[in-house]
Amino acid sequence: MTTPYVIGIGNAIMDVIAPASDASLNRLGIEKGIMQLIDRERSEFLMAAQSADTDARKARLVPGGSVANTLAGIGALGLRTAFIGRVAGDPLGLSYAEQTEAQGTVFVNPPVAGEVLPTSRSIIFVTPDGERSMNTYLGISAELDADDVNPATFSGADWLFLEGYLFDKDAGKAAFLKAADACHKAGGRAGIALSDPFCVDRHRADFRRLIAGPMDYVIGNAHEWQSLYQVEDLDEALRLARADCGTVICTRSGEDAILIHGDERVAAPVHRVVPVDATGAGDQFAAGLIYGLAIGAPLAAAGRMGCIAAAEVIGHVGARPEQDVRALFRAEGLI
């Protein structure tokens with residue numbers, strides 16, 4: 001059996017992570033412990049302020065973005081992975097592409113040269129109490145369009161995973177449809193994470209068409225599914241989802257995940273842990289789930305793999321796994 005091949009499309013966001021004091025946050029006008037979107041001017045100001053700060057000179061550059069984190073998890077589990085995202089040919093973009101390749105995921109499109117928007121970045125200030133204050137500039141990654149999707153990339157592709165955040169622009173929607181078509185023609189299966197209830201609110205009709213059309217599987221949390229179908233009852237939302245899509249996955253913060261395929265409905269148990277850093281929980285749930293589905297595991301086992309991978313990543317700072325997650329699967333007899 002050949003090793004399954006998973007392609008992802010998402011925002012390519014470099015995490016610029018540095019220690020900071022509460023006084024520094026106050027001086028820079030940063031609200032502690034939240035993620036906020038910022039514009040280019042603000043991002044350049046914060047990058048310069050970080051460079052000038054003695055402690056912040058220890059900043060780490062870590063490739064991020066939801067689907068990119070998922071692919072890193074899938075790759076660490078032993079599957080072949082490729083990432084379609086857009087970065088600029090600036091230092092952050094070159095580092096993003098180089099680190100992604102070094103970690104085993106093919107970075108499909110070369111950094112874009114010339115006068116373009118800068119590489120997307122999330123400038124993260126970490127205070128001594130462990131709180132992460134994230135300032136995200138979407139930059140060039142949000143400009144991804146159908147020209148970034150080469151159907152030849154999908155030769156031999158088994159799975160495609162898309163990021164709902166990129167659904168905010170018509171260009172991103174066109175890229176998703178082109179990729180799903182290429183994946184299906186290659187014999188693979190396409191899916192998406194709903195990503196955010198506010199994103200769902202903005203694009204409800206288009207999401208519904210996508211899910212009822214080319215998507216073979218969809219991952220969302222309870223709030224996202226309820227928002228998509230505008231119902232308060234989760235079971236009713238999932239019933240409507242099942243009528244639209246072949247495989248429906250619903251995570252419920254701290255509770256068992258629900259997985260539905262055809263007439264089969266199963267629950268994947270969550271073993272509660274005290275989170276150190278919840279960043280990346282959904283990304284690594286998707287990694288464990290897609291890995292399980294890709295190797296042909298039963299639906300309940302694939303769901304449990306997702307829960308294990310999510311529990312591992314919230315047990316430490318950072319959005320990518322640090323332990324051998326396959327060993328955790330083996331310990332539960334899943335592989």
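Which elements are included in what covers the buried residues of helix 5? The legends below start with that view, and every panel is drawn from a predicted model.

**View 1. Helix 5 and the elements that cover it.** Helix 5 runs over residues 170-185. Its buried residues are Gly172, Lys173, Ala175, Phe176, Ala179, Ala180, Ala182 and Cys183. The cover over these residues includes three strands, namely strand 1 (5-9), strand 9 (159-163) and strand 10 (189-193), together with helix 7 (204-212). A helix pattern is worth keeping in mind here: an α-helix has 3.6 residues a turn, so residues three or four places apart point the same way. As a quick check on geometry, the end C-alpha atoms of helix 5 are 23 Å apart, and this agrees with the 22 Å that its 16 residues should span at 1.5 Å a residue. Just after the helix comes glycine 187, with a positive phi of about 90 degrees.

**View 2. An open sheet of five strands with helix 2 packed on it.** Reading across the sheet, the strand order is 3-8-7-2-4, and the pairing is mixed. Strand 3 (35-37) and strand 4 (60-64) are at the edges; each has a single partner strand, so one side of each is left without a neighbour in the sheet. From one strand to the next, the twist averages 20 degrees. Strand 3 pairs with strand 8 (residues 132-137) in the parallel sense, over three bridges. Within this part of the view, look for glutamine 36 opposite asparagine 135 of strand 8. Helix 2 (residues 40-52) packs on the sheet and touches strand 2 (13-19), strand 7 and strand 8, with its direction at about 45 degrees to that of strand 7.

**View 3. Serine 122 in strand 7.** Strand 7 covers residues 120-126 and contains serine 122. Is serine 122 buried or exposed? Its relative accessible area is 2%, which means that serine 122 is buried, the cut-off being under 20%. Beyond its neighbours up to four places away in sequence, serine 122 touches Ile13, Met14, Asp15 and Val16, and also Met134, Asn135 and Thr136.

**View 4. The largest cavity and its lining.** The model holds two cavities of 30 Å³ or more. The largest cavity has about 70 Å³ of space. Around the largest cavity you will find Ala68, Leu71, Ala72, Phe83, Tyr96, Thr100, Gln103, Thr105 and Arg320. Helix 3 (66-76) and helix 4 (91-102) each supply at least two residues of this lining. Helix 3 gives the most, with three residues.

**View 5. Helix 10, a mostly covered helix.** Helix 10 (residues 281-294) reaches 20 Å from its first C-alpha to its last, close to the 20 Å expected for its 14 residues at 1.5 Å a residue. Of those 14 residues, 12 are buried. Among them are the aromatic residues Phe285 and Tyr291, as well as Asp283 and Gln284. Glycine 296, just after helix 10, takes a positive phi of about 85 degrees.

**View 6. Aspartate 148 in a loop.** Aspartate 148 sits in the loop between strand 8 and strand 9. With 11% relative accessibility, aspartate 148 counts as buried. Apart from neighbours within four places in sequence, the contacts of aspartate 148 are Ile84, Arg86, Asn109 and Glu143. Proline 321 is 173 residues from aspartate 148 along the chain, and the C-alpha atoms of the two are separated by 28 Å.

Notes: Residues numbered from 1 in each chain as written. Predicted model: local features only at pLDDT ≥ 70, side-chain atom pairs only at ≥ 80, totals over all residues. Heavy atoms only, no water. Helix = DSSP H or I, 4+ residues; strand = E, 2+ residues; numbered from the N terminus. Expected span 1.5 Å × (residues − 1). Buried < 20%, exposed > 50% of the residue type's maximum accessible area, 1.4 Å probe, protein only. Contact = heavy atoms within 4.5 Å. Pairing = 2+ DSSP bridges. Axes fitted to C-alpha atoms, helices over the stretch in contact; angles between N-to-C directions. 1 Å grid on protein atoms, 1.4 Å probe; cavity = no way out; pocket = protein on both sides within 12 Å on 5 of 7 lines; lining within 4 Å. Points joined across faces, edges and corners; volume = space filled by probe spheres on them.
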